[in-house]
Amino acid sequence: MALDRDRLMQLLDRAHTGPVCEQFEWDTRVIPGTIAKNLKKYDLLKTCDPKNPINQDDDLADRFFQAGMDTAVEAGLLCIDTQRRIQYNREEIKAGLEAAPSEFTLGEGKEVATFKYRDVEDPTLPVWISPLSIAMTEDLFIPMVEGIARVPEVDVLEGPSVETLWGSTIRAGSPYELLVGRWQAEANHEALRRAGREGMGMFATGTSPTQYGVLGGYGLPGGFKPERDIVLVLSPVEMKTSYENLLKLSQAYNCDGTVYAGSWSMIGGYAGGPEGATVSCIACTLLMYTGYQASNGASFPFDMRYMGNCGRDALWALGTVFQALSRNTHLCVNSVLNQTAGPATEMLLYESAVGMMNLAVSGATSCTGTRSAGGKYTNYLSPLEIKFAGEVFKQCAGMTRAQANEVANKLLPLYEAQLGHPPKGQSFAECYDVETLTPTDEWQAIYDKVKDEVIKAGMPLR
Amino acid sequence: MSKQDVLAELHEALIGVAGYDEVEEIARGLVAEGTDVLAAIDVATAAMDEIGEKFAAFEVFLPDLMIAGEKMTRCMAILQPYIQATSDAKASARVVLGTVSGDLHDIGKNLVATMLTVAGFEVSDLGVNVPPLEFIKAAREHKADILALSSLMTNSLPYQKEVIDLLTEMGQRERYYVIVGGGPVTPEFARQIGADGWAENAAQAAGLCRQLIESGNTPPVTTVIA
């Protein structure tokens with residue numbers, strides 16, 4: 001969906017004229033105070049149920065949506081560059097949600113991926129976006145993207161990110177990022193050509209966290225194409241925006257492009273426990289679709305204790321956020337799944353299995369991943385875990401939440417004790433032949449074993 | 001009100017719902033009444049330990065910790081001059097911290113700032129997206145002992161190295177311990193860029209800083225992993 005000029009200008013103007021609020025006040029009073037008030041108002045305190053990590057209570061999800069809506073109206077977004085609050089009233093938010101598409105496409109030709117609103121327990125196939133922006137060395141970037149593009153379950157390309165540009169270290173917020181905007185688009189095109197998947201939609205720009213990757217790559221010759229690729233806008237936590245975000249939106253407007261809006265809430269952070277993070281994620285999502293005119297995206301929960309979202313509290317919060325959004329809007333919402341274990345480990349696949357199944361039954365239109373090894377190590381990513389996660393995501397569409405909850409409770413004991421100290425696993429070059437782009441026998445055997453296990457646990461994989 | 005009552009009131013104000021003004025008022029009252037300032041600091045430190053433990057158990061969350069940390073900072077600003085005037089106690093070590101250039105993430109940085117404050121360090125928080133030279137200027141201005149550099153983005157990691165390289169080029173490397181942390185920062189990376197320390201989380205960062213200060217070694221030191 002191309003951006004409406006008046007709405008964009010309204011956002012920019014409010015970022016410069018809204019009520020002043022210092023960040024410390026925002027983080028310690030406005031956010032926790034507003035969320036706590038609405039948790040109490042809708043009787044949501046202590047509702048997280050770790051024994052049932054996949055929520056099945058529709059009324060609970062709906063009350064969380066109301067609490068999220070109230071929080072969005074009462075708090076708004078904080079622009080950290082102007083220290084002003086961008087506020088929308090309830091009618092404006094409802095109009096913003098109404099204007100968001102319930103269906104749109106990325107990519108072109110035979111690689112068009114259709115994003116459609118999905119209901120809870122919906123059999124409609126979701127869209128698998130891979131991978132997250134995990135750092136790769138320059139020599140392995142194209143082989144990795146080619147390997148990922150060869151995975152048939154992958155519909156759209158987001159990452160990975162590249163560490164160096166023509167041998168020089170890429171520094172955030174510097175001219176290197178402007179250059180890498182176009183470099184990444186060209187490298188992706190080359191990898192997609194090698195994989196026979198030219199036309200696949202892409203995110204601009206995985207390597208660059210600041211605006212420069214978008215300014216240097218989106219809508220330029222050889223770069224990302226606005227008619228088929230999407231601008232990645234990631235908001236600072238909690239419920240904040242920045243000039244970086246606003247510049248990306250402005251470039252998307254200039255190019256008639258579309259916008260993905262993402263953010264997250266940390267369980268244990270500014271919003272509090274899992275219930276608070278759930279409210280924050282819903283509120284932030286509503287504000288991003290309203291303010292950023294997003295076509296895809298959402299805010300998702302993350303657990304501060306292990307920096308992932310495949311443990312019980314985070315799974316519960318994640319499922320509840322997406323059920324609340326799915327049941328009360330027609331948005332094409334996207335989540336990110338944050339695994340902690342690395343490639344060539346059973347744990348990475350078990351985390352993926354439970355997390356992707358949760359999203360499949362909770363109404364997510366799409367998901368971005370994997371964050372192998374928590375995204376901490378250069379080259380710790382491989383196409384096989386991406387294939388596995390995509391298979392789970394698509395083949396679990398249509399399961400009931402009760403079935404999924406039962407499976408989750410069988411699989412969680414296989415990895416949850418290790419969430420604080422996950423195995424690092426193996427790098428791409430260790431678990432793959434990077435010439436033929438095939439996994440080692442050891443990694444393939446782990447994949448086969450875990451797939452058997454999850455099928456035995458009740459997951460409908462083929 | 002007895003001395004014990006006043007100290008109990010300070011403890012409650014630091015971890016409870018009292019506002020910043022109320023904490024400052026109690027601290028000023030303690031000083032005016034001639035209460036043993038070191039005893040007051042012991043009480044305040046115990047209160048901070050208590051809230052740190054509650055955070056570790058997820059009984060309270062980041063905003064509660066940040067508010068308690070701010071109260072502690074304000075309380076210490078009133079008590080500190082009297083410690084130096086009335087005892088030979090060593091002044092607390094100073095830490096300048098921030099998230100490096102190109103990176104707007106602040107949760108981890110705020111958590112470390114709070115845990116360091118709670119642990120008794122004097123903390124100057126430069127915020128996010130801080131250019132390398134600003135760290136060095138601030139370290140000089142605040143007479144820092146430690147520079148703490150946070151980064152969550154892979155492409156902002158090079159700026160952690162640039163701070164260390166700049167210190168070396170400016171002949172100031174031996175003046176400050178440099179510690180690094182954040183999602184993609186590994187102990188291997190810390191060693192590789194010549195940092196003095198790395199810690200896995202905020203609580204360990206406080207222990208790491210204490211360890212560095214107590215070592216008395218001149219930086220750069222062999223990387224300490226907390």
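Reader: What makes β2-β1-β3-β4-β5-β6 of chain B an open sheet, and how do its strands pair?

Author: In this predicted model, the six strands of chain B line up in that order with parallel pairing. As for "open", look at the ends: β2 (122–125) and β6 (224–225) of chain B each pair on one side only, which makes them the edge strands.

Reader: How do you know that β1 and β3 of chain B are paired?

Author: Two strands pair if there are at least two bridges between them. Strand β1 (residues 94–99) and strand β3 (residues 146–150) of chain B are joined by five bridges, so they count as a pair under that cut-off. They run parallel, and one place to look is B:Leu97, whose bridge partner is B:Ala148 in β3(B).

Reader: What lies across β1, β2 and β3 of chain B?

Author: That's helix α6 (residues 132–141) of chain B, running at about 160 degrees to β1(B). Helix α9 (residues 202–215) of chain B packs on the sheet too, touching β1, β3, β4 (177–181), β5 (197–198) and β6 of chain B. The direction of α9(B) makes about 165 degrees with that of β4(B). Angles here run from 0 to 180 degrees between N-to-C directions, so a value of about 165 degrees puts α9(B) close to antiparallel to β4(B).

Reader: Why is chain B called as compact as a globular protein of that length?

Author: Chain B has nine helices and six strands. Its radius of gyration is 18 Å, and the globule rule gives 17 Å for 226 residues; the two are close, so the chain is as compact as a globular protein of that length. The C-alpha trace of chain B spans about 55 × 35 × 25 Å along its principal axes, and 52% of the residues of chain B count as buried.

Reader: How do you know that the length of helix α8 of chain A is what it should be?

Author: Helix α8 (residues 243–254) of chain A has twelve residues, and at 1.5 Å a residue they should span 16 Å. The end C-alpha atoms of α8(A) are 16 Å apart, so the two agree.

Reader: What makes residues of α8(A) such as A:Leu246 buried, and what do the buried ones pack against?

Author: A residue is buried if 20 or more other C-beta atoms lie within 10 Å of its own. Residues of α8(A) that are buried include A:Leu246, A:Leu249 and A:Ala252. The buried residues of α8(A) pack against elements of chain A, among them α1 (5–17) and β14 (258–267).

Terms used: Residues are numbered from 1 along each chain as its sequence is written. Chains are lettered from A and ligands numbered from 1 in the order in which they are written. This is a predicted model: local features need pLDDT of at least 70, side-chain atom pairs count only at pLDDT 80 or more; totals for chains, interfaces and linings use all residues. Helices (H or I, at least four residues) and strands (E, at least two) are DSSP runs, numbered from the N terminus. The radius of gyration is taken over C-alpha atoms; the globule rule is 2.2 Å times the number of residues to the power 0.38. A residue is buried if 20 or more other C-beta atoms lie within 10 Å of its own, exposed if 12 or fewer, and partly exposed in between; C-beta atoms are placed from the backbone. The expected span of a helix is 1.5 Å times one less than its number of residues. Two residues are in contact if their C-beta atoms, placed from the backbone, lie within 7 Å.
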